[in-house]
Amino acid sequence: MADFINFKSLKRPAKPNTCLVAPENHCLAAEPDFAPPELMMTGRGLFSKLNEIVASERSFGKIEADAEALRLKFVATTGLMRFKDDVDLEIIPLDDGRATFAIYSRSRVGYSDLGANRKRVAKLIERVTAI
């Protein structure tokens with residue numbers, strides 16, 4: 001099994017080359033102006049949907065998934081410079097058959113990513129809400 005990050009105790013580096021989106025009170029280091037959606041599907045349903053999205057994306061590789069823990073981890077490769085970025089997802093079941101998720105995308109190298117991680121997270125949110 002992969003070494004998944006612990007969102008509740010996550011501390012982000014001072015460099016602006018990360019994007020962390022999580023529901024309120026799930027992770028104190030999350031970006032305050034960017035929240036994940038609550039979707040009308042179970043945690044397992046959301047896990048399956050996100051797993052499909054990640055598997056279909058050409059720039060994503062080395063996918064590790066744990067269906068029991070509702071966790072995904074993969075490596076994203078940027079287009080032009082081919083930098084490797086690490087992405088972790090945690091699906092969070094809610095009441096009434098709803099679910100949401102936390103996502104942390106971060107660059108392995110460099111100081112700034114010119115917004116690449118934030119764009120990646122926004123694109124994933126857009127794709128999962130286009131159901």
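**Exercise 1.** Which side chain meets that of lysine 123 in a salt bridge? Place both partners in the chain and classify their exposure.

*Solution.* The model is predicted.
- Step 1: find the partner. Lysine 123 pairs with glutamate 57, at 3.2 Å from N to O.
- Step 2: place the pair. Lysine 123 lies in helix α2, while glutamate 57 sits in the loop between α1 and β2 (60-66). The two are 66 residues apart, so the bridge links distant parts of the chain.
- Step 3: classify lysine 123. Its relative accessibility is 42%, which makes lysine 123 partly exposed.
- Step 4: classify glutamate 57. The cut-off for buried is under 20% relative accessible area. Glutamate 57 has 16%, so this residue counts as buried.

**Exercise 2.** Which arginine side chain also meets glutamate 57 in a salt bridge? Describe where the two residues lie.

*Solution.*
- Step 1: name the residue. Arginine 127 forms a salt bridge with glutamate 57, with an N to O distance of 2.8 Å.
- Step 2: locate the ends. Arginine 127 is in helix α2, and glutamate 57 is in the loop between α1 and β2. They stand 70 residues apart, and the pair links distant parts of the chain.
- Step 3: check exposure. Arginine 127 has a relative accessible area of 31% and is partly exposed.

**Exercise 3.** Which residue forms a salt bridge with arginine 118? Trace the pair and the network around it.

*Solution.*
- Step 1: identify the partner. It is glutamate 31, and the closest N and O atoms are 2.3 Å apart.
- Step 2: map the pair. Arginine 118 belongs to helix α2 (residues 116-129). Glutamate 31 belongs to the loop between β1 (18-21) and α1 (43-56). The pair spans 87 residues and links distant parts of the chain.
- Step 3: compare burial. Arginine 118 is partly exposed at 34% relative accessibility, whereas glutamate 31 is buried at 14%.
- Step 4: widen the view. Through shared partners, salt bridges join Arg12, Glu31, Asp33 and Arg118 into one network.
- Step 5: set the context. The whole structure holds 11 salt bridges.

**Exercise 4.** Which residues form a positive surface patch? Then place arginine 82 and decide: is arginine 82 buried or exposed?

*Solution.*
- Step 1: list the members. Arg58, Lys62, Arg82 and Lys84 make up a positive surface patch.
- Step 2: place arginine 82. This residue is in the loop between β3 (71-77) and β4 (84-93).
- Step 3: apply the cut-off. Exposed means over 50% relative accessible area. Arginine 82 reaches 54%, so arginine 82 counts as exposed.

Conventions. Residues numbered from 1 in each chain as written. Predicted model: local features only at pLDDT ≥ 70, side-chain atom pairs only at ≥ 80, totals over all residues. Heavy atoms only, no water. Salt bridge = Lys/Arg side-chain N within 4 Å of Asp/Glu carboxyl O. Helix = DSSP H or I, 4+ residues; strand = E, 2+ residues; numbered from the N terminus. Buried < 20%, exposed > 50% of the residue type's maximum accessible area, 1.4 Å probe, protein only. Patch = residues over 30% accessible without salt bridge, like charges linked within 9 Å, V, L, I, M, F, W, Y side chains within 5 Å. Areas by Shrake-Rupley, 256 points an atom, 1.4 Å probe, with all protein chains shown as cover. Lys, Arg positive; Asp, Glu negative; His and termini not counted. Charge placed at Lys NZ, Arg CZ, Asp CG, Glu CD.
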